[in-house]
Amino acid sequence: MNKEAYQFNYEVYNSAEELNEQDAWLVNEARDVTSAAYAPYSNFNVAAVAKLVNGEIVAGTNQENASYPAGLCAERVLLSSAATLYPNIAIDTMAISYNNNNGESNHPISPCGICRQSLVEYEERTKHPIRLILSGMEGKVFIIKTAGLLLPLSFGSADLK
Ligand code: THU
């Protein structure tokens, strides 16, 4: 028997003001776009804004539904839009932010399990890492150099061969 370990490094900033201009711009866009979320059930407004490798910007927000499981997360709304509007164009960086109308919005959140699965497949199909910038409306910012780091031992297309 062997024991294996998994660990990854990520960057922690005290606030978005410490980011470079491009990253700070994406974070501010994500914070602004939270107002386009449709989250009347959770009151938890999430937005993702991505810069593609061709320079285009694509956004997504969570879209809930009275039939709760029909709701979609901001990240997967973004991925569906990006794949449709710009097929085969990789995503370079994605900023994810949220505005919690029931509480604080001052610490980073990271993508849910289903979104991690979708992000990893997007990286795989476009053969390009998606750099993540995670934050709330204020406070610390995390930068993770590729979404795949959030899903070790992931299931993927190779397993279906
Ligand atoms: N949500 C997202 O859109 N992205 C995340 O990374 C976490 C959760 C949404 C789903 C649901 O509409 C609300 O936030 C509360 O879970």
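**Group meeting: a walk through the predicted model**

Let me start in helix α2, where the buried residues are A74, E75, R76, V77, L78, L79, A82 and A83. Buried here means under 20% relative accessible area, exposed means over 50%, and partly exposed is in between, with a 1.4 Å probe and protein chains only. Helices are DSSP runs of H or I of at least four residues, strands are runs of E of at least two, and both are numbered from the N terminus.

Before I go on, two notes on the source. This is a predicted model, in which local features need pLDDT of at least 70 and side-chain atom pairs count only at pLDDT 80 or more, while totals for chains, interfaces and linings use all residues. Residues are numbered from 1 along each chain as its sequence is written, and side-chain values use heavy atoms, with hydrogens and water left out.

Now, back to α2. What do its buried residues pack against? They pack against three strands and a helix: β2 (44-52), β3 (57-61), β4 (91-100) and α3 (113-126). Contact, by the way, means heavy atoms within 4.5 Å. The helix length checks out as well: at 1.5 Å a residue, the 12 residues of α2 should span 16 Å, and the end C-alpha atoms are 16 Å apart, which agrees. The expected span is 1.5 Å times one less than the number of residues in the helix.

Two residues of α2 deserve a closer look. A74 belongs to this helix, which covers residues 74-85, and A74 is buried with a relative accessible area of 0%. Leaving out residues up to four places away in sequence, A74 touches V46, A47, A48, G60, T61 and N62. The C-alpha atoms of A74 and A59 are 8.2 Å from each other, and those two residues are 15 apart along the chain.

The other one is R76, also in α2. Which side chain of opposite charge is nearest to R76? That is E75, 6.5 Å away, and R76 is buried yet has no salt bridge. For the charge count, Lys and Arg are positive, Asp and Glu are negative, and His and the chain ends are not counted. A salt bridge needs a side-chain nitrogen of Lys or Arg within 4 Å of a carboxyl oxygen of Asp or Glu. Again not counting residues up to four places away in sequence, R76 touches I114, C115 and S118.

So where is a salt bridge found? The side chains of D23 and R131 form one, at 2.6 Å from N to O. D23 sits in helix α1 (residues 21-33) and R131 in strand β5 (residues 131-135), so this pair ties together parts that are 108 residues apart in sequence. The structure holds one salt bridge. D23 is buried at 7% relative accessible area, whereas R131 is partly exposed at 24%.

Staying with α1, its buried residues are D23, A24, L26, V27, A30, R31 and V33. These pack against β2, β3, β4, β5 and β6. The span works here too: 13 residues at 1.5 Å each should give 18 Å, and the ends are 18 Å apart, C-alpha to C-alpha, which agrees.

On to the loops. N101 is in the loop between β4 and α3, and apart from neighbours within four places in sequence, N101 is in contact with N43 and N45. K127 lies in the loop between α3 and β5. The phi of K127 is near 55°, a positive value in a residue other than glycine, and K127 is exposed at 73% relative accessible area. L153, in the segment after β6 (141-144), has a positive phi of about 55° although it is not a glycine. L153 is exposed, at 88%.

Finally, the whole chain. There are three helices and six strands, in the order β-α-β-β-α-β-α-β-β from the N terminus on. The radius of gyration is 16 Å, close to the 15 Å that the globule rule gives for 161 residues, so the chain is as compact as a globular protein of that length. That radius is taken over C-alpha atoms, and the globule rule is 2.2 Å times the number of residues to the power 0.38. Of the 161 residues, 41% count as buried. Among contacts with a separation of 6 or more, 66% come from residues 24 or more positions apart.
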